[in-house]
Amino acid sequence: MTITFQEAEATTQIQLLDEPRLLFGNNRQCADPKVGLTSHGPALLDVAAGETTTIRAGAIGTYGALSHLREFLARLSYAIPVKGSSQGIQPWKMDFPGLSTNGPLAFDISLDESVVEPISETEEQESLRDSDRKVRIESSVRLYEQKFQDLVTSSSSLPGIILLPLSKQLVKMCRDPSLKTDRITYEYRTMEKSESFAPVFNFHHALKVVSYKHLLACQVLLPSTMSFARGKQDPATIAWNFATALYYKGTGIPWKLAELEESTCLVGISFYEEMGDQGSSMRASMAHVYVRSSDSQIIRGKPFMWEDRTRQPTLSGTQAKELLHDVVDLFRRQKRESPVRIVIHKTSAFSENEISGFNEAAKGVELLDYVHVRANDGSRFFHSGNDYPPVRGTLIGENSPYIMYTVGYVPCLGTYQGMGSPIPLLLDVARNDTTPRQIGNDIMSLTKMDWNSTDFCQSQPVTTSVSRKVGQILAEMRARNVEPPQPYRYFM
């Protein structure tokens, strides 16, 4: 359905929300992650006083992949300019300034050769010798499990992060030939009851589990990434995203939210499929961001059977109460006080039992907002008389559900960086103790908190996008019966 803003204004309320600000070094504020990092350095670093940091990294890989990794890291120490397109330089892109403690980013990466665990050519050949692609994937995961164990056993001091450069041969022999991507997928999860279970679903996700079992964060690098030839991303963007993700995993938070209160707890809940002995059950995976001063944390809910495959899963009142109680308890332990406000973002509708359970767990909390965040049902809004898309931050509606444009024309960039008409979110509010504008401001802020990317913003808030990604990792067979670490850095 197509609606012009002139038509909408006659029947409903339209608000334009301000662009959220982010905090960088010395508590300096900026709306753009790349501009803020270049101008002020990462959060928690006193760049003005000359404070810098070097991330100590280890690595596991074949000799060829390790050589490729060293070349890649060496290239990151130099500036990488943005390549122009047929339309010229895109305003949301920015030259990468290079990694150096003497540069504007104020941090560097050091590969510590004492914690580099090589994979010999013979070992890789042995893991890839089977004619069945799935057997090759499983053998390769077992090889990395052994190498992680060898590294941990032989190292007196573990690094902040383990780099996992994949060899071209591994990708060639294990990628799905029916797909264009180099991602290595064993098989896709299914809710159907089965006598046998896949030992691996996704190679990347399985390595995350292998790594976090040793309380190590890891970064998987495809050959295309190390060659600065990953899809449509230009080399400067590849460098920006890699450096920022590595800073977060290896050291700390690159930027924080400037405008949300310290006493607010933002929670994202989604469900994932866990294969078990009796078929499959569901667990709630949760990501919550502590504003300004803390890392994102992950809490895994207790498993429960979900027999009705025709409906989206929901929590019982008891399960909802236990899940949010764990969140509140973690907040109190880390902040030494109770939250004043709790915001729950969910990717499925809130049931009455869930609302009742959440309310019970949050007794004594002054403000509660429960929001079902979902893609719009196909409605689009346009400005009558011009070709500009809606402005990012446009909130439409007097009552729930509200239409929220998290992508669109960005005034401070002077452009819309997407292709085609921007797709808004639909915010179905189950409880709102603040205001619709506050709920929209939360969403806007959280679209800028994906530390895996230095894009100006994402379309989804991290409370929903992160919980889905975490759920995919926790769904791996190797994650069963293992208590996962809580910091999000182990999952990103």
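**Secondary structure, packing and side-chain contacts of the predicted chain**

The chain contains 13 helices and 19 strands. The model described here is predicted. Of the 492 residues in the chain, 56% are buried. The accessible surface amounts to about 21000 Å², and carbon and sulfur atoms account for 46% of that surface. When contacts between residues at least 6 apart in sequence are considered, 71% of them join residues at least 24 apart.

One of the sheets is open and consists of 3 strands in the order S4-S3-S9, with antiparallel pairing. Strands S4 (29–30) and S9 (256–257) occupy the edges; each has a single partner strand, so one side of each is left without a neighbour in the sheet. The pairing of strand S3 (residues 22–23) with S4 is antiparallel and comprises 2 bridges. Within this pairing, Leu22 is placed opposite Cys30 of S4.

Helix H2 spans residues 33–40, and its buried residues are Pro33, Lys34, Gly36, Leu37 and His40. These buried residues pack against strands S3 and S4 as well as against helix H9 (235–250). At the start of H2, the backbone nitrogen of Lys34 is approached to within 3.0 Å by a side-chain oxygen of Asp32. After the helix comes Gly41, which has a positive phi, near 80°.

Helix H4 (residues 121–127) includes Ser127. With a relative accessible area of 7%, Ser127 is buried. Leaving aside residues up to four places away in sequence, Ser127 touches Arg136, Ser139, Ser140 and Leu143.

Aromatic side chains form a further set of contacts, with a count of 12 aromatic pairs. Phe72 and Phe242 form one of these pairs, in an edge-to-face arrangement with 5.0 Å from centre to centre and 75° between the planes. Because Phe72 belongs to helix H3 (residues 63–76) and Phe242 to helix H9, this pair ties together parts that are 170 residues apart in sequence. Both Phe72 and Phe242 are buried. A second edge-to-face pair is formed by Tyr144 and Phe203, with 6.0 Å between the ring centres and 80° between the planes. Tyr144 lies in helix H5 (residues 133–154) and Phe203 in helix H7 (residues 203–212), so that parts 59 residues apart in sequence are tied together by the pair. Tyr144 counts as buried, its relative accessibility being 4%, and Phe203 likewise counts as buried at 2%. Ring pairs also link Phe72 and Phe242 with Phe228 into a cluster.

Strand S14 (residues 341–346) is largely enclosed by the rest of the structure, because 6 of its 6 residues are buried. In a regular strand, side chains alternate between the two faces of the sheet. In S14, Arg341, Val343 and His345 point one way, whereas Ile342, Ile344 and Lys346 point the other way, and all are buried. Strand S14 runs parallel to strand S15 (residues 367–375), to which it is joined by 6 bridges. Across this pairing, Ile342 is found opposite Leu368 of S15.

Charged side chains are also placed over aromatic rings. The charged end of Lys346 sits over the ring of Phe350, at 5.3 Å from the ring centre. In a further case, the ring of Tyr490 has the charged end of Arg489 over it, 5.0 Å from its centre.

Strand S10 (residues 264–276) contains Ser270. The relative accessibility of Ser270 is 1%, and this residue therefore counts as buried. A polar atom of the Ser270 side chain lies 3.2 Å from the backbone oxygen of Ser467. The side chain of Ser270 also reaches the backbone nitrogen of Arg468, at a distance of 3.5 Å.

Definitions and conventions
Residues are numbered from 1 along each chain as its sequence is written. This is a predicted model: local features need pLDDT of at least 70, side-chain atom pairs count only at pLDDT 80 or more; totals for chains, interfaces and linings use all residues. Side-chain values use heavy atoms; hydrogens and water are left out. Two strands pair if DSSP finds at least two bridges between them. Helices (H or I, at least four residues) and strands (E, at least two) are DSSP runs, numbered from the N terminus. Buried means under 20% relative accessible area, exposed over 50%, partly exposed in between (1.4 Å probe, protein chains only). Contact means heavy atoms within 4.5 Å. A polar contact is a pair of N or O atoms within 3.5 Å; within protein, one must be able to donate a hydrogen and the other to accept it, and residues adjacent in sequence count only if both atoms are side-chain atoms. Rings of Phe, Tyr and Trp (its six-membered ring) pair if their centres lie within 6.5 Å; planes under 30 degrees apart count as stacked, over 60 as edge-to-face and the rest as tilted. A charge sits over a ring if NZ of Lys or CZ of Arg is within 6 Å of the ring centre and within 35 degrees of the ring normal. Accessible areas come from the Shrake-Rupley method with a 1.4 Å probe; for residues, only the protein chains shown count as cover.
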